Amino acid sequence: MPQTVSAIVALTKNAPATVERIVIPDPGPGEVVVDVLTCGVCQTDQHFQQGEVGDNFPYLLGHEATARVSEIGEGVTSVKVGDKVILNWRAVCGECRACRKGELKYCFDTHNAEQRMTLEDGTELEAALGIGAFAEKTLVAAGQCTVIDDVEDSSNAAVGLLGCGVMAGIGAAINTGEVKRGESVAVIGVGGVGTAAIAGAKLAGATTIIAVDLDPRKLEKAQELGATHTVSSQESDAVEAIRELTGGFGADVVIDAVGIPATYKQAFYARDLAGRVVLVGVPDPSLTIEMPLQDFFSRGGSLKSSWYGDCLPSRDFPMLVDLYQQGKLDLDAFVTERIRLEDVQAAFNTMNRGEVLRSVVEIA
């Protein structure tokens, strides 16, 4: 029967994220109910709160989570009750034109649970990215669960970050940027996603890895996770500094983890001829950019956008968990603080001040 639990909800645009009681329906066909264990505080949740993603308030926030399956609906065979999982917001359909071409990472019809969770008065909730994991329980599609049964409970907070931000950054380097052994990589903006891109470049075998940021604290953390050089864009011209560190040519791959016109232009001009630019920072919809068309033609190479790190959760999550367990990927370093459900609004403020890579809510 339906269950009532505590959760973090944005009731109206720009209203503080508050603890509310919500109703979780019994899972229908293809759906599962999970007990949420941990959930990272991601910038995207604040974008939902501020109405920058849509206006389907109220929003049930949270999406970067580990959980344990507690109920399964009719026809669910991919998971069973008791499985520990990482939740993902790319449950591929297997039938759209991208999937039919074998490009599952570009699935154009990823699916969520059909039923809606509600407030106690019956008001339907829009789950952030189809997950809504700032909650004691949530309802998701079975395909949004990637099993990680062999992970110790003490590692839940770390591996849960693969559900969004860390995967976005690592994937921007490995999947989208296709960083190769011996290449040079520059990452502009080393918050949570940018620092993950640094770690991804290291995993891929890049030998020159340049972190660019205004904040010396972030640059220091980027060095801990793989940057070979740092550039303070407050003290020097980022493009010139990247060129100086790459023999005067520019980096093979430049990743913009900020997503504003100024940093995109830096990324464009800081790459080598025929180099690759990867945009993983999410731009504000109102932003535009103007650049000489001749420069696009004459510099060659590729300009790519990285959505969720172009990942395939069923492939990438287990691989990265294995690297973490082997000591080759320090996911623990991304967990700056562990907080309670009621601390989410304060964690948004901490995040905006640049004081954390990730705050992680521990629920169970």
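Leaving aside its neighbours within four places in sequence, with which residues is Leu 61 in contact? In this predicted model, the partners of Leu 61 are Ile 8, Ala 10, Ala 17, Asp 45, Phe 48, Gln 49, Ala 128, Gly 132, Ala 133, Phe 134 and Phe 348.

Leu 61 also belongs to the largest nonpolar core, a set of 64 residues, where Leu 61, Leu 87 and Phe 134 have the most contacts. Helix α10, spanning residues 313–325, contributes five residues to this core and thereby gives the most. Separate from it is a second core of 22 residues, with Ala 168, Ala 197, Val 253 and Val 280 among them.

One contact of Leu 61, Phe 48, leads to the aromatic side chains. Across the whole structure, a search finds six aromatic pairs. In one of them, the ring centres of Phe 48 and Tyr 59 are 5.0 Å apart and the planes meet at 65 degrees; because planes over 60 degrees apart count as edge-to-face, the pair is assigned to that class. Phe 48 is part of helix α1 (residues 43–49), whereas Tyr 59 is part of strand β4 (residues 59–60), so the pair ties together parts that are 11 residues apart in sequence. Both rings belong to buried residues: the relative accessible area is 6% for Phe 48 and 1% for Tyr 59.

Tyr 59 also forms an edge-to-face pair with Phe 57, at 4.8 Å centre to centre and 70 degrees between the planes. Phe 48, Phe 57 and Tyr 59 thus make up one aromatic cluster.

An aromatic ring is also involved in a contact with a charged group: Arg 271 lies over the face of Phe 268, at 4.6 Å from the ring centre.

Definitions and conventions:
Residues numbered from 1 in each chain as written. Predicted model: local features only at pLDDT ≥ 70, side-chain atom pairs only at ≥ 80, totals over all residues. Heavy atoms only, no water. Phe/Tyr/Trp six-rings, centres within 6.5 Å; stacked < 30°, edge-to-face > 60°. Helix = DSSP H or I, 4+ residues; strand = E, 2+ residues; numbered from the N terminus. Buried < 20%, exposed > 50% of the residue type's maximum accessible area, 1.4 Å probe, protein only. Lys NZ or Arg CZ within 6 Å of the ring centre and 35° of its normal. Core = buried A, V, L, I, M, F, W, Y, C linked by side-chain atoms within 4.5 Å. Contact = heavy atoms within 4.5 Å.
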